[in-house]
Amino acid sequence: MFSREWWKKRSLRVRDDKVTKAAELSLRESLLPLCLVTILFFLWGFSYGLLDTLNKHFQEVLHITKGRSAGLQAAYFGAYPLASLGHAAWILRRYSYRAVFIWGLFLYGLGALLAIPCIKAKSFAGFCVCIFIIGNGLGSLETAANPYITICGPPRYSEIRINFAQAFNGIGTVVAPVLGSYVFFGFDDNIALQNVQWVYTAIAIFVFILAIIFYLIELPEITDADMQHQAAETHAGDADQPFHKQYRLFHASFSQFCYTGAQIAIAGYFINYVTETRKDTDSALGAQFLAGAQGTFAIGRFAGAAIMHFIRPRKVFLLFLTACIIFIAPSITQRENTGMSMLYVTLFFESICFPTIMALGMRGLGRHTKRGSGFLVAGVFGGAVVPPLMGAVADMHDTAMSMVVPLAFFSVAWTYALAVNFWPWYRDTCDAFTTAEIGVRESGVVGKSVVDEEEAVGMERQTVEEKGL
């Protein structure tokens, strides 16, 4: 079992200039690696959901302001650029996807273990440092997992794959507030903090075991040469251009920054919103309402992935992000169940935006795919910038009025949704991959969808023109 060949197969270094068959995997061949990587999406969904609950919990236990409690989000998401543009990007480009998975899990577990003495000491600053380490771990996982899910399998289904996998991220965000409502609230301060310690102990044990599993298994590795070949096959993108001329990528990254910041801010102050605007609502009930809202978020991802089989992903993205802008606006002035229901609907439509920006932004990057994915993940840094702004407005006015902040950032992110639908330079690159048969033609599986019908109609028209009819 532990022969030289066995150890060689588990090497974490892969040659990036070598063309493999990994980028041409069929649906069946890509199933196992996708299932394993999807576990990671649940992990950071759980961690993110836990953070939103701890935000309100620390306001009460440590008696800090809303603005200061946003330090959790600032530490967590502020770590993402350091990972996606720094250490995780370096490991990904010089070693492999599997190496980044293991590195990210190690940092996640380390941060969880270090959080325990900080919680015992009731040190908010110390806990923020631990959250920063955890954020580096999760940022590393996102740097590898998002592009891996997007490119491991037939290109035409990439948006569907990443939205389906991200739906398990949504499930994690549901489980965490439910857990928090029972173990963080309703106890005296010391017992509540003790419960937080046990949660992070369990997290550390689980992620270290998962890191060992990722070392032992064999994952197909996708190289830059593979992605260059895929871009050439689809005749899309500017893969031959230098990286600094990948302008669509930079627009997508900026849109990701604005969108993610708005999403994180809304979830981070959701409990504050419902406790302030709805009568007889305490923090424990507010956490349960947050779990329900995150449930609609998860449902939205499953629904969005299904809709994308029949409607082009870029069109679904435009519809969903437009709906976010429409429904967040009334929450500024409405109260009671009406205001809360507006946030529920907003979270439903938020669901597919992050993964779809990720998938569309990577279109046509070719040999720049690994580096470009780091920029898209770095957009998550918006989660460190927007919540403190929203917290400052909430402290000056109230949480309902502070919803104007995510509304503004949604509106800026909307420019990318408009570009991929109405600007041919953006739109044609996206559509070239949507109609590609790489990984589909070979397996003999071609889904019957609106996209396929549009392609068939186009071919029929071309035949008629050639015959001069």
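Trainee: What is the volume of the second largest pocket?

Mentor: In this predicted model, the second largest pocket has a volume of about 200 Å³. Twelve residues line this pocket, and those closest to its centre are Leu31, Leu34, Thr38, Arg161 and Phe164.

Trainee: Which helices each supply at least two residues of that lining?

Mentor: Helix H2 (27-61) and helix H7 (158-183) each do so. The greatest share comes from H2, which contributes six residues.

Trainee: How do the residues of the lining divide into nonpolar, polar and charged?

Mentor: Nine of the lining residues are nonpolar, two are polar and one is charged.

Trainee: I turn now to burial. How many of the eight residues of helix H11 are buried?

Mentor: A residue counts as buried when its relative accessible area is under 20%. In helix H11 (residues 270-277), six of the eight residues are buried, so this helix is largely enclosed by the rest of the structure. The buried residues are Phe270, Ile271, Asn272, Tyr273, Val274 and Thr277.

Trainee: Is Thr296 buried or exposed?

Mentor: The same cut-off of under 20% applies to a single residue. Thr296 has a relative accessible area of 19% and is therefore buried. This residue is found in helix H12, which spans residues 283-307.

Trainee: Which residues is Thr296 in contact with, leaving aside its neighbours within four places in sequence?

Mentor: With those neighbours set aside, Thr296 is in contact with Tyr344, Leu347 and Phe348.

Conventions: Residues are numbered from 1 along each chain as its sequence is written. This is a predicted model: local features need pLDDT of at least 70, side-chain atom pairs count only at pLDDT 80 or more; totals for chains, interfaces and linings use all residues. Side-chain values use heavy atoms; hydrogens and water are left out. Helices (H or I, at least four residues) and strands (E, at least two) are DSSP runs, numbered from the N terminus. Buried means under 20% relative accessible area, exposed over 50%, partly exposed in between (1.4 Å probe, protein chains only). Contact means heavy atoms within 4.5 Å. On a 1 Å grid over the protein atoms alone, a cavity is a set of points where a 1.4 Å probe fits but cannot get out, and a pocket is an open set with protein on both sides within 12 Å along at least five of seven lines; lining residues have an atom within 4 Å of a point. Grid points are joined across faces, edges and corners, and a volume is the space filled by probe spheres set on the points. Ala, Val, Leu, Ile, Met, Phe, Trp, Tyr, Cys and Pro count as nonpolar, Asp, Glu, Lys and Arg as charged, and the others, Gly among them, as polar.
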